[in-house]
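Okay, thanks for coming, everyone. I'd like to spend a few minutes on how the inside of this protein is put together, so let me bring it up on the screen.

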Amino acid sequence: MKVATHTFDAVIVGGGGAGLRSAIELSQSGLNVAVLSKVFPTRSHTVSAQGGINAALGNVEPDDWRWHMFDTVVGSDFLGDQDAIEYMCKHAPESIYELEHMGLPFSRLNDGKIYQRAFGGATREYGKEQAHRTCCAADRTGHAMLHTLYQKNVQAKARFFNEWFAIDLVKTAAGIAGVTAICIETGEVVFIRARATVLATGGAGRIFESTTNAHINTGDGLGMVLRAGYPLQDMEFWQFHPTGIYGSGSLISESVRGEGGYLINKNGERFMERYAPHLKDLSCRDIVSRCSAIEIREGRGAGPKGDYLLLKADHLGEALIKSRLPGIRELAMTFAGVDPIKDPIPVVPTCHYLMGGIPTNYHAQVLTQDASGKDCIIEGLYAAGECACVSVHGANRLGANSLLDLVVFGRAAGKHVKESIEQGLGYHEPAASDIEQALSRLHRWNTNEKGESVDRIRSELQKVMQDDFGVFRTEADMKAGFLKLDDLNDRLRYASISDKSTCFNTARIEALELDNLLVTAMATAYSAELRKESRGAHARYDYPERDDQHWLKHSLYFENGQMTFRSVNMKPEGMEPITLREREEKRD
């Protein structure tokens, strides 16, 4: 297949927060940057982030980035790399002020400073009282951030390929040469050649039946990396948010609980007081989700089927809800048919966020392993945001650390790419066979005839993942799930699309997305079965305890099913490591 070539200094795959922040850093330096996004950038999933972004500004009460770091390490159940966590928390305040100077309309305190609300897992003085650390723009922080970053990129003259879909990485013996991509509007296929490729493709929550994720969150960057022969890290760790709207999965942000809302069961009992008497409803999300699941399993769920809980906010008052939670109210009224000013919102734990992903260092450089198990940097390849595993979230992400992850490591990727180009990073020249390889699955979908439909395989995949690899996992369920996944994998090879047209052929795009969903699901399944413990968001009935002796390590999964490990970095650069003993003493 002959394809046109477009040449740039850097190509960024993904137009969400991480991709746009990286693009700003590069475009403002005068580099020629392409931003490839399968939706218009302001429709990227970052737009749906509600609660806010963490930074130890100390606007409400004294705060310290070291306290933020402690909370993040503890929240990660000690699987987070402490050098990366230190980098993120230390650079958080300046990242917030950069956004403010770009024009992000943060909510304000009476003295004019940025408003900061309470959020789950945030404490002062290393685990003592609740901290107010979360900066926000009412409950539409992601929306405000995405529009601000997009406007700055337009000003900096970044080149946007809107409604283009990245097919695969073009890999050479020396490194990554760029990506192949298809224009959704016209069907045109091109090779985008670049010195550096930054993957910022977001999450993959659509592998589950119930999720807060948009339909575009199909693990595209994860699939690209696996097919290039590189690993994914910690794919067993999927966060289930405790407050997805019952029936739709739409997110009700932690900001409701941060403002004083709380969960109740069918008896009207504020049940989190039993499980976590210190932090209660603002405990880490893994804790609240598991407690909620237990309440439902033990028969205390609300509704005719007893399969949901209630989020009570009416006591906060009409004025507060309308001023600080207007988007939440709108969602509740639209998708649950209730007005939180008057009635509680029906909620259930639902898949929300992937803590694992593409392994990187804190410069956002993608890592793999050599034959001896040593970390190696893949030249010319970077990843940032939810698709990356740096790993600042470890086994469980704290609320409002996701937007911080986007801007800190999107910025770090841009800075490192810029420095690398200044130091001589050149283009890797691919052979024709390298480009053909990166187009092989597009060719498969264009030529397969009379196979199964994409919709059917995708629906079955999502049900398997929800039933067998969800909030609680057992050996028996996962073994049954493996058989179903293997069958789906075989069936996918012969699946087909009936529409082979070029113009706005969304069926072809959904087929390409399904490839990514299935390999992401396989990575999740293998990793979940391998980890014989419960840690953070990974909860196993058959191994209910955390096992630091054997499992305080990162898992790595390769597409051929090979599994290996990486050690957790317990050595921050500017302070003493946070120890396991401290965790036991401080955490609720």
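I'll go through the nonpolar cores, then one helix, then a pair of helices. Keep in mind that this is a predicted model.

So, the cores. The largest nonpolar one has 82 residues. If you look for the residues with the most contacts inside it, you get L36, L169, L199, W238, I358, L461 and L485. Helix 16 is the biggest contributor to this core, giving 12 residues. There's also a second, separate core of 62 residues, and V33, M102, M145 and L146 are among its members.

Let's zoom in on L36. Leaving out residues up to four places away in sequence, L36 touches I12, V13, G14, G15, F161, W164, A166, V179, A181 and I192.

Now over to helix 14, residues 454-468. It's 15 residues and reaches 21 Å from first C-alpha to last, close to the 21 Å expected at 1.5 Å a residue. Which of its residues are buried? Those are V454, I457, L461, Q462, V464, M465 and D468. They cover an arc of only 165 degrees around the axis, so they sit on the same side of helix 14. And what covers them? Helix 13, strand 19, helix 15 and helix 16 are included in that cover.

Last stop: helix 3, residues 82-102, against helix 11, residues 402-422. Their axes are 9 Å apart and the packing angle is about 95 degrees, which means helix 3 is roughly perpendicular to helix 11. At the contact, helix 3 brings residues including Y87, M88 and H91, while helix 11 brings residues including V408, F409 and R411.

Note on methods
Residues are numbered from 1 along each chain as its sequence is written. This is a predicted model: local features need pLDDT of at least 70, side-chain atom pairs count only at pLDDT 80 or more; totals for chains, interfaces and linings use all residues. Side-chain values use heavy atoms; hydrogens and water are left out. Helices (H or I, at least four residues) and strands (E, at least two) are DSSP runs, numbered from the N terminus. The expected span of a helix is 1.5 Å times one less than its number of residues. Buried means under 20% relative accessible area, exposed over 50%, partly exposed in between (1.4 Å probe, protein chains only). The arc is that of the directions from the helix axis to the C-beta atoms. Contact means heavy atoms within 4.5 Å. A nonpolar core is a set of buried Ala, Val, Leu, Ile, Met, Phe, Trp, Tyr and Cys residues joined through side-chain atoms within 4.5 Å. Axes are lines fitted to C-alpha atoms, for helices over the stretch in contact, and angles run from 0 to 180 degrees between N-to-C directions. Angles under 35 degrees count as roughly parallel, over 145 as roughly antiparallel, 65 to 115 as roughly perpendicular and the rest as oblique.
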